[in-house]
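Reader: I would like a close look at a single part of this model, and then an account of how that part sits in the rest.

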Amino acid sequence: MIKISNLSKSYSRGAVKAVDNLNLHVRPGEIFGFLGPNGAGKTTTIKMMVGLLNPDEGIIIINGFDNQKDPIDAKRSIGYVPDSPVIYDRLTGLEYLDFMANVYQVPPDIKMQRINHFLDMFELVDAANDLIKSYSHGMKQKILLTGALIHNPALWIMDEPMVGLDPRSSHLLKELMREHCNRGNTVFFSTHILEVAERLCDRIGIIHKGKLIAIGTLEELRHGEHAGTLENIFLELTEQ
Ligand SMILES: Nc1ncnc2c1ncn2[C@@H]1O[C@H](COP(=O)(O)OP(=O)(O)OP(=O)(O)O)[C@@H](O)[C@H]1O
Ligand SMILES: [Mg+2]
């Protein structure tokens with residue numbers, strides 16, 4: 001579903017190597033957790049996956065499409081949730097979802113059905129006609145999530161999606177992720193919440209200073225010289 005080969009990206013004319021020769025393969029049916037310290041290169045990698053940043057080097061195949069050669073086809077397969085809920089403040093929640101559904105060409109009969117389903121699920125029905133600028137952080141995050149999933153994409157790419165969500169919403173999102181993958185789809189998300197990664201992810205990748213330093217199931221990561229909880233493994237691997 002995602003195939004990343006020799007991906008690199010520098011900022012500030014090469015002074016900061018944010019992503020350094022990354023290779024990664026995420027399969028259909030998998031929830032993949034992307035972990036790493038602040039500044040490790042997670043957001044940079046994700047922005048290249050969804051086509052918001054151009055790599056210096058490397059290839060990203062999304063659902064069989066090269067995202068630099070076939071960007072539209074690649075993007076059609078993706079539901080992307082960015083790391084901060086920057087969103088159209090002057091639209092109402094409903095207007096925003098309608099806009100997103102139209103951008104992704106969701107058929108009109110399915111559109112309202114999906115919008116209502118998500119608004120109901122995320123308890124946003126009463127706020128649907130309010131301007132987004134009046135929303136709390138978590139409400140913005142939930143509208144953003146809904147907008148990202150409105151076209152029923154096979155691949156969910158989410159940058160710290162649980163930030164700002166209350167326990168019920170966060171629980172709901174985790175359930176949605178699991179159901180999505182049980183249907184043979186794929187979720188790729190970054191998080192700092194190691195308990196979530198531990199419990200939810202089929203496989204985990206740890207990035208440190210732009211390099212992928214570990215990848216595998218929790219069991220695989222535990223083998224070898226690393227033992228104990230994911231926190232222990234993470235702290236040990238990312239020690240300076
Ligand atoms: N627009 C930018 N201009 C210059 N340097 C940048 C820019 N964006 C990111 N960087 C640098 O690239 C590196 C990777 O940043 P990135 O945002 O990808 O990390 P991250 O793993 O998402 O961190 P966090 O956990 O804090 O979200 C950091 O050293 C950061 O300072
Ligand atoms: Mg980030």
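Reader: Where in the chain is the place of N63?

Author: N63 is in the loop between strand 4, residues 57-62, and strand 5, residues 65-66. Keep in mind that the model is a predicted one.

The backbone at this place deserves a look. Most residues other than glycine have a negative phi. N63 is not a glycine, yet has a positive phi of about 50 degrees. As for its surroundings, N63 has 19 other C-beta atoms within 10 Å, and a residue needs 20 or more to count as buried, so N63 is partly exposed.

K209 can be set beside N63. K209 is found in the loop between strand 9 (203-208) and strand 10 (211-216). K209 also is not a glycine and has a positive phi of about 50 degrees. With 16 other C-beta atoms within 10 Å, K209 is partly exposed. A further positive phi, of about 55 degrees, belongs to E123, just after helix 4. Helix 4 itself covers residues 108-121, and its length can be checked: at 1.5 Å a residue its 14 residues should span 20 Å, and the C-alpha atoms at its ends are 20 Å apart, which agrees.

For a contrast with N63, take G79, which lies in strand 6 (residues 78-81). G79 has 25 other C-beta atoms within 10 Å and is therefore buried. Neighbours within four places in sequence aside, G79 is in contact with A148, L149, P153 and W156. The C-alpha atoms of G79 and I157 are 6.0 Å apart in space, although 78 residues separate the two in sequence. The chain as a whole has many such pairings: among contacts between residues at least 6 apart in sequence, 70% join residues at least 24 apart.

Now the wider frame. The secondary structure of the chain comes to nine helices and 10 strands. Its domain assignment gives domain 1, made of 2-77 and 153-237, and domain 2, made of 86-152. The contact between the domains takes eight residues from domain 1 and 10 residues from domain 2. On the side of domain 1 that touches domain 2, five residues are nonpolar, two are polar and one is charged. The C-alpha centres of the two domains lie 25 Å apart.

Ligand 1 is the next thing to place. Around ligand 1 are Y11, S12, V16, A18, G36, N38, G39, A40, G41, K42, T43 and T44. Two elements, strand 2 (16-26) and helix 1 (42-49), each give two or more residues to this shell. The largest share, three residues, comes from helix 1. By class, the shell divides into four nonpolar residues, seven polar and one charged.

Last come the overall dimensions. Taken along the principal axes, the C-alpha atoms of the chain fill a box of roughly 55 × 40 × 35 Å. A compact globule with 240 residues would have a radius of gyration near 18 Å, and the chain has 18 Å, which agrees. Of those 240 residues, 39% count as buried. G79 is buried, whereas N63 is partly exposed.

How values were computed. Residues numbered from 1 in each chain as written. Chains lettered and ligands numbered in written order. Predicted model: local features only at pLDDT ≥ 70, side-chain atom pairs only at ≥ 80, totals over all residues. Helix = DSSP H or I, 4+ residues; strand = E, 2+ residues; numbered from the N terminus. Expected span 1.5 Å × (residues − 1). Near = placed C-beta within 6 Å. Nonpolar A, V, L, I, M, F, W, Y, C, P; charged D, E, K, R; others polar. Rg over C-alpha atoms; globule rule 2.2 N^0.38 Å. Buried ≥ 20, exposed ≤ 12 C-beta atoms within 10 Å, placed from the backbone. Contact = placed C-beta atoms within 7 Å. Domains from an automatic or database assignment.
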